[in-house]
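Trainee: I would like a close look at one part of this model, a helix and what it packs against. Please start from a single residue and work inward, then outward to the rest.

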Amino acid sequence: MPAEIRKTLLHVENTLIEGGKAAQTPLKMIAAMAVIRNPWAGQGFVDDLAPAIRDCAPGLGALLTEMVLDAAGGGDKVEGYGKAAIVGLNGEVEHASALIHTLHFGNHYRNAVGAKSYLSFCNTRGPANAPLMIPLMDKNDGGRRSHYLTIQASVADAPAADEILIALGASIGGRPHHRIGDRYQDLKELGHDADNPAAV
């Protein structure tokens, strides 16, 4: 069965001033969220999560991707992206992970925005109104620190104990006054190779 969706929510945040200084280009961050019934709720320990993943993840990925694209004005506008899930207290963190850590979910978003980077992520367990944290990174360049951002939100009545809150996040732009450089400059200064940044 496809995901049983109780509600969807769209969070749009525009930062106009940061550090007391007006942003030359305001930062827009978007979170598209769906509250669903946990497909494994009431079943005890389930060994094989794959059937429900294949049933639920593709539809959720398509729905949330469309919500992000509508708010952003198209996939080409999205610069930073990420995903997150919170499973209710009667579920396992594995249930949250199962629905977002699959190509059946993420490839809808990745393809729609033309991304090369992996989707940064957060998966946790919590009660209703638990903090939803969606880490973002540049969709094509994992070392571009200007786009290391986190969307913070919460849903007052979700997730219930037998629910999962699933989300995709996006940014249009990076931090307004980013000035910490990128990891490539650090690697150059340290004399390390980009393919072996820890020099081990």
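Mentor: Start with E66, which is found in helix α1. The model is a predicted one, and every value below is computed from it. E66 is partly exposed, with a relative accessible area of 43%. Its C-alpha lies 8.9 Å from that of A112, although the two residues are 46 apart in sequence.

From E66, turn to the nonpolar interior. The largest nonpolar core has 36 residues, and L60, Y109 and I166 are those with the most contacts inside it. Helix α1, which spans residues 50-72, gives the most to this core, with 11 residues. At least two residues each also come from β2, β3 (80-87), α2 (93-100), α3 (103-113) and β7 (163-172).

I166 shows how these elements meet. Leaving aside neighbours within four places in sequence, I166 is in contact with L60 and L64, with A32, M33, A34 and I36, with A84 and A85, and with L99, I100 and F105. There is also a second, separate core of 17 residues, which includes M33, I86, L136 and L165.

A32 gives a view of the packing from strand β2, where it lies. A32 has a relative accessible area of 0%, so it is buried. The C-alpha atoms of A32 and L63 are separated by 8.9 Å, with their positions 31 residues apart along the chain. Not counting residues up to four places away in sequence, A32 touches L64, M67 and V68, as well as L9, L10, I166, A167 and L168. The contact between A32 and I166 thus appears in the list for A32 and in the list for I166.

Next come the aromatic rings. The count comes to one aromatic pair. That pair is formed by Y81 and Y109 and is tilted, with 5.4 Å from centre to centre and 55° between the planes. Because Y81 lies in strand β3 and Y109 in helix α3, the pair ties together parts that are 28 residues apart in sequence. Y81 is buried at a relative accessible area of 0%, and Y109 is buried with a value of 0%. Y109 has already been named among the residues with the most contacts inside the largest nonpolar core.

Away from the core, T124 is placed in strand β4, residues 120-125. T124 counts as partly exposed because its relative accessibility is 29%, and buried would require a value under 20%. Its contacts, again leaving aside neighbours within four places in sequence, are A85, I86, V87, V93 and A96. T124 and S97 are 27 residues apart in sequence, yet their C-alpha atoms are 8.4 Å apart in space. A85 is also in the contact list of I166, and I86 is one of the residues in the second core.

The loops hold several further points. N38 is in the loop between β2 and α1. A loop position can be buried or exposed; N38 counts as buried, at 2% relative accessibility. Beyond four places in sequence, N38 is in contact with V87, G91, H95, D162, E163 and I164. V87 is also a contact of T124.

N129 is found in the loop between β4 and β5 (132-138). N129 has a positive phi of about 75° although it is not a glycine. With a relative accessible area of 43%, N129 is partly exposed. In the loop between β6 and β7 lies P159. A cis peptide bond joins A158 and P159, with omega about 0°.

Last, the open space. The largest pocket holds about 240 Å³. Its lining has 16 residues, and T15, E18, R175, P176 and H177 lie nearest the centre of the pocket. Strands β1 (5-18), β2 (21-37) and β6 (149-153) each supply at least two residues of that lining, and β6 gives the most, with four residues. By class, the lining of this pocket has five nonpolar, six polar and five charged residues. Strand β2 therefore supplies at least two residues to the pocket lining and at least two to the largest nonpolar core.

How values were computed. Residues are numbered from 1 along each chain as its sequence is written. This is a predicted model: local features need pLDDT of at least 70, side-chain atom pairs count only at pLDDT 80 or more; totals for chains, interfaces and linings use all residues. Side-chain values use heavy atoms; hydrogens and water are left out. On a 1 Å grid over the protein atoms alone, a cavity is a set of points where a 1.4 Å probe fits but cannot get out, and a pocket is an open set with protein on both sides within 12 Å along at least five of seven lines; lining residues have an atom within 4 Å of a point. Grid points are joined across faces, edges and corners, and a volume is the space filled by probe spheres set on the points. Ala, Val, Leu, Ile, Met, Phe, Trp, Tyr, Cys and Pro count as nonpolar, Asp, Glu, Lys and Arg as charged, and the others, Gly among them, as polar. A nonpolar core is a set of buried Ala, Val, Leu, Ile, Met, Phe, Trp, Tyr and Cys residues joined through side-chain atoms within 4.5 Å. Buried means under 20% relative accessible area, exposed over 50%, partly exposed in between (1.4 Å probe, protein chains only). Contact means heavy atoms within 4.5 Å. Rings of Phe, Tyr and Trp (its six-membered ring) pair if their centres lie within 6.5 Å; planes under 30 degrees apart count as stacked, over 60 as edge-to-face and the rest as tilted.
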